[in-house]
Amino acid sequence: MSWLRRRLLGYELVYRRDVPDGRIALTFDDGPSEWTPPILELLAQHGARATFFVLRRHALELPETAARIARGGHEVACHGLDHVDLAQLPPAEIRAGLERAQEAIASATGVRPRLFRPPYATSSARVARAAAAVSLEPTILRDVDPADWRAEDSRAVAAAVLDAVRPGSIVCLHDGVPQGNRGTSDRTVTVAAVERLVPELQARGLELVTVSELLAP
């Protein structure tokens, strides 16, 4: 198989995709937030697209910022109701929460997501089944994670991505701060890292596309 993936009782978890060209996917979790617009502006300056895994809570708080993601040509995806470990919840609660998230994100952006990344990138058969029941499939994980949510040095974040990325990579960054966050209190480091990363990735001949574009046949 060309995709680096595994199946959880028949449900697909995608980490990256082997591609014959230089496409990669930048992804952002936990937004939208006040740090989303500067990231969108940086992406627009370089003609890059990304996928944003949106939390319901933040879509409700900042619907116009959420809508800007879609208007900018980026992919809107689902990160759940709130930033809790879904694998610890009962099936009915997982499904109800994901459905509420889907409705809120669609209301804010005009797009009903089809891709899903669970908080903490932890899944289970119950989580995968509930996601599929509300038309969220496959589950998107990642193969490059520089832990920008707790970093204090944008150069270190950028270097970690540049050291690990390769064609087909799915890179996980964070444009928001969820409730109960255990990392830094803002995402200024991520914004600065994106400013460094995007031109450097493109200089290496890599094209920044959405996850759906990366996974397209």
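Tutor: A helix here is a DSSP run of at least four residues, counted from the N terminus. Keep that in mind as we look at this predicted model.

Student: Glad to. What does Gly-110 do just after H4?

Tutor: Directly following H4, Gly-110 adopts a positive phi of about 80°. The helix before that glycine covers residues 91-109, 19 residues in total. From first C-alpha to last, H4 reaches 27 Å, close to the 27 Å expected at 1.5 Å a residue.

Student: Which residues of H4 are buried?

Tutor: Ile-94, Gly-97, Leu-98, Ala-101, Gln-102, Ala-104, Ile-105, Ala-108 and Thr-109. Their cover includes strands E4 (50-54) and E5 (75-78), together with helices H2 (56-61), H3 (63-71) and H5 (125-133).

Student: How many residues are in the largest nonpolar core?

Tutor: There are 49, and Leu-98 of H4 is among those with the most contacts inside that core, along with Leu-26, Phe-28, Leu-43, Phe-52 and Leu-201. Helix H7 (residues 188-203) supplies the largest share, seven residues. Apart from this core lies another, of 12 residues, including Val-19, Phe-53, Ala-77 and Leu-215.

Student: And how do I read empty space?

Tutor: Rolling a probe the size of a water molecule over the atoms reveals where space is left empty. In this model, the largest pocket holds about 280 Å³. Its lining has 18 residues, with Asp-30, His-83, Tyr-120, Trp-149 and His-174 the closest to the centre. Strands E3 (23-31) and E7 (170-174) are the elements that each give two or more lining residues.

Student: What is the lining like by class?

Tutor: Seven residues are charged, six nonpolar and five polar.

Technical notes: Residues numbered from 1 in each chain as written. Predicted model: local features only at pLDDT ≥ 70, side-chain atom pairs only at ≥ 80, totals over all residues. Heavy atoms only, no water. Core = buried A, V, L, I, M, F, W, Y, C linked by side-chain atoms within 4.5 Å. Buried < 20%, exposed > 50% of the residue type's maximum accessible area, 1.4 Å probe, protein only. 1 Å grid on protein atoms, 1.4 Å probe; cavity = no way out; pocket = protein on both sides within 12 Å on 5 of 7 lines; lining within 4 Å. Points joined across faces, edges and corners; volume = space filled by probe spheres on them. Nonpolar A, V, L, I, M, F, W, Y, C, P; charged D, E, K, R; others polar. Expected span 1.5 Å × (residues − 1). Contact = heavy atoms within 4.5 Å.
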